[in-house]
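Trainee: Could we go through this model together, with an eye on its aromatic rings? I would like to reason my way to each answer.

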Amino acid sequence: MAGYITRGSTVRATIKNKQLAKPLVKSFSKHDTEQENKKEAETWAKELEAKLTLNQLIDMSESKKVPFDCILVRYRDSITKHKAKTTKDRELSKIRVVRSQVTGYSTELLNSTHVDAQLEGYSLADINDTFICNYIFKRMSIDKVAWETVDKELQVISSAIDTSVLAWGYKAHQGAKRDGIKLFDLQHKSLEREVVHRDRRVARKEYKALCLIDTKYSLVAQFAIETAMRRGEICKAVVADFNETNSTLRIPVSKTDKQQRTKGRVIPLSKKAIELIFGFSQGKKSSASLVGCSDPKSLSQGWDRLAVKLKIDDLRFHDFRHEGTSRFFEKGLSIEQVALITGHSSWKSLQRYTQLKPEKLVSLLN
C-alpha cells in the first residue's frame, strides 16, 4: 500500500515493496488544492502497484543475461533428479518439451547431443505473461496439444522460475503462469482450455476375457482392479506386506504421503484379491516382489501386449485404477472409505477416478 504525506496543497506519495531496492517517491503539486493533488497521487500509486503485481518494475538486467535453458537444466539436475522415479520420468519428458520451445532445438537433439544447457533462445527475463500466452497458443493451436498437457508443461516452467527466485537468488516473473493464462483467455476466447478427463472403464466382455486367460499380466490386471492400487505401488509391493490375519496389504510408500503428512497406508482386501495374492506369493520369500515385476513401465508394456492378444482396444493399465475406484463406490462405500483404499488426498482428485454406471446404483436405491 502507498503512503501519503501532505504539506499544504502538496502531496508526496511513497510506495514500499520488498521487491524494490528502494522506495518509490513522487510529489504532486501542480493543482491548487490538496484534494486534486491527492487524487493524482493515488492514480500514480495504483498504476505502479499494478505493475509491481505483474513484476514489471523489478530490475531484470541480470536476468536478461541468463538463458532460460540454463535455469531448466539446473532445475532438472538439482531438483527433478531427486524425485520418485515415475514422477521424475514424467517431469524429464516435460522439461525436454519446454527446452525445445525456448531454444528451438528438437527434443531428440536435447536428449542426445544437446543435453547440456544451450545459450540460444529466451532469457529468464523473457518468461513473462506474454511469453506464457504465446506458448499456450502455439501448443494448442499449432501443435494441437490438449490443454491438460500444456498445463503440465507450464507447471514445469512455473516451478523452475520459483526455484530460481527462492533458491538461486534470480529476479524473475513469478506470476507469469497465472497472468499468462488470464491474458490467453482474453486474447483467444475461441480456444477453450478444457480439461478432458479419461473415463474409460472395463466392459463386461473385456473383463470376462481377462479372467479366462491365466497369465501373469491378466492376473496382475485383475489385482489392480480389486485394489485400485497405482502401478508403482503394485510393483513395489513385497510378499511381507500382506497380512493374512487381518486381510490387509501394507503400502509402505504412497504418492500422496507428502500432502497427507503420512507414510504409506494399509488397505483392506477383497476375497478375490486375497486369492490372487496367494497365487502370486506361492513359493516366494517374504522379501520377494509380490507380482514378480518391479518396473512400472514393463508392467504397462506387458499389459499392452496382452491387450493386443485379447483384441482389447484403448485400455491402459492405469484404467484399472479408475475401474477399481468406480466399483468401490458402486458397492456402496463412502468417499472416506474409498479414499482410504485408493490413497487420494482430496475428493476433487478422487472424483476424476470415479465413473459410475447408473444401472449399478439401482439396487442401492431400493
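What follows is a short conversation about the overall form and the aromatic contacts of this predicted model.

Trainee: Glad to start with the whole chain. What radius of gyration does the protein have, set against a compact globule of 366 residues?

Mentor: A compact globule with 366 residues would come out near 21 Å. The C-alpha trace spans about 90 × 60 × 40 Å along its principal axes. For the radius of gyration, the protein has 28 Å.

Trainee: And what share of the residues is buried?

Mentor: Let's put the fold first: the protein contains 17 helices and six strands. Among contacts with a separation of 6 or more, 63% are between residues 24 or more positions apart. Residues count as buried when their relative accessible area is under 20%. Of the 366 residues, the buried share is 42%.

Trainee: Now to the rings. Which class of pair do Tyr122 and Phe131 form?

Mentor: Good one to work through, as the count comes to eight aromatic pairs. In this pair the ring centres are 4.9 Å apart and the planes meet at 70°. Planes over 60 degrees apart fall in the edge-to-face class, so the pair of Tyr122 and Phe131 is edge-to-face.

Trainee: Is Phe131 buried or exposed?

Mentor: Its partner Tyr122 has a relative accessible area of 37%, which makes Tyr122 partly exposed. For Phe131 the relative accessibility is 8%. The limit for burial is under 20%, so Phe131 is buried.

Trainee: How many residues apart are the partners in the pair of Phe223 and Phe280?

Mentor: Here the geometry is edge-to-face, with 5.8 Å centre to centre and 90° between the planes. Phe223 belongs to helix α9 (residues 216-227), while Phe280 belongs to helix α12 (residues 271-281). Both Phe223 and Phe280 are buried. This pair links distant parts of the chain, with a separation of 57 residues.

Trainee: Which residue joins Tyr122 and Phe131 in a cluster?

Mentor: We have already met the pair of Tyr122 and Phe131. Ring pairs link these two with one further residue into a cluster, and that residue is Tyr135.

Trainee: One last thing: which residue lies over the face of Tyr207?

Mentor: There are charges over rings here, including the charged end of Arg193, which sits over the ring of Trp147 at 4.7 Å from its centre. Over the face of Tyr207, at 4.4 Å from the ring centre, lies Arg327.

Technical notes. Residues are numbered from 1 along each chain as its sequence is written. This is a predicted model: local features need pLDDT of at least 70, side-chain atom pairs count only at pLDDT 80 or more; totals for chains, interfaces and linings use all residues. Side-chain values use heavy atoms; hydrogens and water are left out. Rings of Phe, Tyr and Trp (its six-membered ring) pair if their centres lie within 6.5 Å; planes under 30 degrees apart count as stacked, over 60 as edge-to-face and the rest as tilted. Buried means under 20% relative accessible area, exposed over 50%, partly exposed in between (1.4 Å probe, protein chains only). Helices (H or I, at least four residues) and strands (E, at least two) are DSSP runs, numbered from the N terminus. A charge sits over a ring if NZ of Lys or CZ of Arg is within 6 Å of the ring centre and within 35 degrees of the ring normal. The radius of gyration is taken over C-alpha atoms; the globule rule is 2.2 Å times the number of residues to the power 0.38. Contact means heavy atoms within 4.5 Å.
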